[in-house]
Amino acid sequence: MLARAFRRKNNRLFNRRHSTVRHNSRVLVLAEHDNAALDSSTFHSVAAAAQLGSVEVLVAGHNCSDVATQASKLTGVEKVHHIDQDYYENVLAENYTDLLLDFQGKQSFNYVLTAANSFGKNVLPRFCAKLDIQPVTDIQQIVDKETFIRPIYAGDAVAKVKSTEEVKVLSIRPASFPKAEEGGSAEVVTGEAAPKNELTNFVSASLPDSDRPDLGSANIVVSGGRGLKNGDNFDLLYKLADTMGAAVGASRAAVDDGFVPKDMQIGQTGKIVAPDLYFAVAISGAIQHLAGMKDSKVIVAINTDADAPIFQVSDYGLVADLFDVVPKLTEGLKKLEK
């Protein structure tokens, strides 16, 4: 009884404290960048954060003043915190978490928000564990300041989640929110770095070198599955993609069979995309894959199996042999360019 009374008392105290900040909530957006320019996901994060309160952006990196300036020009941003230190050049969770803990302790934000991608998945778990906070991840819609909608069961259902945490830590699906426009003029302030965490040191990064758009932010995506039979046949998709300025992805089956590298995988355990146009070539449409692309604006499916599940979600479907259709489609697009 005493324990229940204590919890009720604490809840009342929290509710009163929470109600005083509802109209004056501060949201910290963690900016993802390469020390030269903002990643497109940050534009979506800012737009989502604007639904919750006044938006401030944390830009931590090395020689990244241009990134801070770019963030200050996003509509809706009221302040940019720029922290420059060499050990923030590469995002190590240990260093970044120590910075966030120190920064949150001084600033007391009501929300900490970033994208539900590899950047967010690297940083947020450690930060939440340190503060004993339950995050709300993969948010597709913000209902109100404490209620959010997120997918469950590989996207087959959605859950409406209410968070009662005093500090709400959120990650959003970039494809589910619009991009913040440029045109703002926020103040840029210089912050202090936290001491370096000596647990880990950055050694090297091996990143793919490609002239094609980033898979997570491309307007057009051409994706292939196991039906391509081997990695060499992905050249057909590369040629098609290049005629449209598209990115190229793959199903998990194609990745597991070694056709293409893991960073091209689209699906529940890969990347989540929602381009304006998505080509699913020789992809059956397993639930795992649909979870990563079914929010695409227009879906075009090419498959020899008329009963393939992909046709149930596609806007346009072609039952045909990809080895016959894709080269003809590529040549047709090249003629249109001329």
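Here are some informal notes on this predicted model, point by point.

1. Let's start with the second largest pocket. It holds about 320 Å³ of space, and 21 residues line it. If you want to find the middle of the pocket, look for Ala116, Lys121, Thr137, Asp138 and Arg150, which lie nearest its centre.

2. Which elements give two or more residues to that lining? They are helix H5 (118-131), strand S5 (136-139) and strand S7 (147-152). H5 gives the most, with four residues. By residue type, the lining of the second largest pocket divides into ten nonpolar, seven polar and four charged residues.

3. Asp138 deserves a closer look, as one of the residues nearest the centre of the second largest pocket. Asp138 sits in strand S5. Is Asp138 buried or exposed? Its relative accessibility is 18%, and the cut-off for buried is under 20%, so Asp138 counts as buried. Its side chain makes a polar contact with the side chain of Arg173, at 3.5 Å. Leaving out residues up to four places away in sequence, Asp138 touches Ala116, Ile149, Arg150, Pro151, Ser171 and Arg173. Ala116 and Arg150 also appear among the residues nearest the pocket's centre.

4. Now for Val143, which is in strand S6 (residues 141-144). With a relative accessible area of 39%, Val143 is partly exposed. Not counting residues up to four places away in sequence, Val143 touches Phe148 and Ile149. Ile149 is a residue you have met already, in the list of what Asp138 touches. For a sense of distance, try Val143 and Ile302: they are 159 residues apart along the chain, and their C-alpha atoms are separated by 37 Å.

5. Next, the cysteines. A disulfide is a covalent bond between the sulfur atoms of two cysteines. How many disulfides does a search of the whole structure find? Zero. Two cysteines to look up are Cys64, which is buried with a relative accessible area of 0%, and Cys128, which is buried at 3% relative accessibility.

6. Helix H3 (residues 65-72) is a good place to practise spotting buried residues. Its buried residues are Val67, Ala68, Gln70, Ala71 and Ser72. What covers them? The cover includes H2, strand S2 (54-61), strand S3 (77-84) and strand S10 (187-190).

7. Helix H6 (residues 234-244) makes a second exercise of that kind. Here Phe234, Leu237, Leu240, Ala241, Thr243 and Met244 are buried. Those buried residues pack against strand S11 (220-224), strand S12 (247-250), helix H7 (252-256), strand S13 (277-281) and helix H10 (322-337). Just after H6 comes Gly245, with a positive phi of about 65°.

8. Positive phi also turns up in residues other than glycine, and Asn35 is one of them, with phi near 75°. Asn35 lies in the loop between strand S1 (26-30) and helix H2 (40-49). Although it is in a loop, Asn35 is buried, with a relative accessible area of 14%.

9. Lys229 has a positive phi of about 75° as well, and it is not a glycine either. You'll find Lys229 in the loop between S11 and H6. Is Lys229 buried or exposed? Its relative accessible area is 60%, and exposed means over 50%, so Lys229 is exposed.

10. Asn230 is also in the loop between S11 and H6. Asn230 is partly exposed, with a relative accessible area of 30%. Its side chain reaches the backbone nitrogen of Asp232 at 3.0 Å. Compare the sequence with the fold here: Asn230 and Phe259 are 29 residues apart in sequence, yet 5.5 Å apart in space, C-alpha to C-alpha.

11. Last stop: His289, in helix H8 (residues 287-293). His289 counts as buried, at 3% relative accessibility. Which side chain does the side chain of His289 make a polar contact with? It is that of Tyr278, at 2.7 Å. Leaving aside neighbours within four places in sequence, His289 is in contact with Ser223, Ala250, Ser251, Ile266, Gly267, Tyr278 and Ile283.

Terms used: Residues are numbered from 1 along each chain as its sequence is written. This is a predicted model: local features need pLDDT of at least 70, side-chain atom pairs count only at pLDDT 80 or more; totals for chains, interfaces and linings use all residues. Side-chain values use heavy atoms; hydrogens and water are left out. On a 1 Å grid over the protein atoms alone, a cavity is a set of points where a 1.4 Å probe fits but cannot get out, and a pocket is an open set with protein on both sides within 12 Å along at least five of seven lines; lining residues have an atom within 4 Å of a point. Grid points are joined across faces, edges and corners, and a volume is the space filled by probe spheres set on the points. Ala, Val, Leu, Ile, Met, Phe, Trp, Tyr, Cys and Pro count as nonpolar, Asp, Glu, Lys and Arg as charged, and the others, Gly among them, as polar. Buried means under 20% relative accessible area, exposed over 50%, partly exposed in between (1.4 Å probe, protein chains only). A polar contact is a pair of N or O atoms within 3.5 Å; within protein, one must be able to donate a hydrogen and the other to accept it, and residues adjacent in sequence count only if both atoms are side-chain atoms. Contact means heavy atoms within 4.5 Å. A disulfide is a pair of cysteine sulfur atoms within 2.5 Å.
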